[in-house]
Amino acid sequence: MAYQYRCDDCGTTAEPVHSRVALRAVRGRHRQLAHHGLRPDGEHIETVGVRQRLSWRTGCGFAVLAWIAVLDWIIRHL
Ligand SMILES: [Zn+2]
């Protein structure tokens with residue numbers, strides 16, 4: 001799971017980070033650079049990464065199915 005900082009006031013989204021410490025650093029840097037250290041009203045944190053994990057699992061499932069199909073073909077034709 002990863003966290004993504006988003007500021008609707010600026011319309012910007014930071015790159016995903018994988019820890020809350022890194023998230024606080026990104027948030028603090030954005031507040032300092034874009035809002036002079038103040039907290040913008042439109043900032044929020046989005047949780048990302050669940051979809052990537054599902055895609056990884058789905059990819060492994062397809063790899064296993066492809067491997068089984070290859071083995072089946074080899075067994076039938078040799
Ligand atoms: Zn901002």
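**Exercise 1.** Which residue in E2 does Cys7 stand opposite?

*Solution.* In this predicted model, we begin with the two strands concerned, E1 (residues 2-7) and E2 (residues 12-13), which run antiparallel and are joined by 2 bridges. Looking along this pairing, we find that Cys7 stands opposite Thr12 in E2, while Arg6 has Thr13 as its bridge partner in E2. Between the two strands of this hairpin there are 4 residues, and Gly11 takes a positive phi near 75°.

**Exercise 2.** Find how many bridges pair strand E1 with strand E3, and name the residue in E3 that stands opposite Gln4.

*Solution.* We first locate E3, which covers residues 43-48, and then note that E1 and E3 pair over 6 bridges in the antiparallel sense. Within this pairing, the residue of E3 that stands opposite Gln4 is Glu46.

**Exercise 3.** Work out the order of the strands in the sheet, and explain why one side of E2 and of E3 is left without a neighbour there.

*Solution.* Putting the pairings together, we obtain an open sheet of 3 strands in the order E2-E1-E3, with antiparallel pairing. Because E2 and E3 stand at the edges and each has a single partner strand, one side of each is left without a neighbour in the sheet. To complete the picture we add helix H1 (residues 20-35), which packs on the sheet and touches E1 and E3, its direction making about 15° with that of E1.

Notes: Residues numbered from 1 in each chain as written. Predicted model: local features only at pLDDT ≥ 70, side-chain atom pairs only at ≥ 80, totals over all residues. Pairing = 2+ DSSP bridges. Contact = placed C-beta atoms within 7 Å. Axes fitted to C-alpha atoms, helices over the stretch in contact; angles between N-to-C directions.
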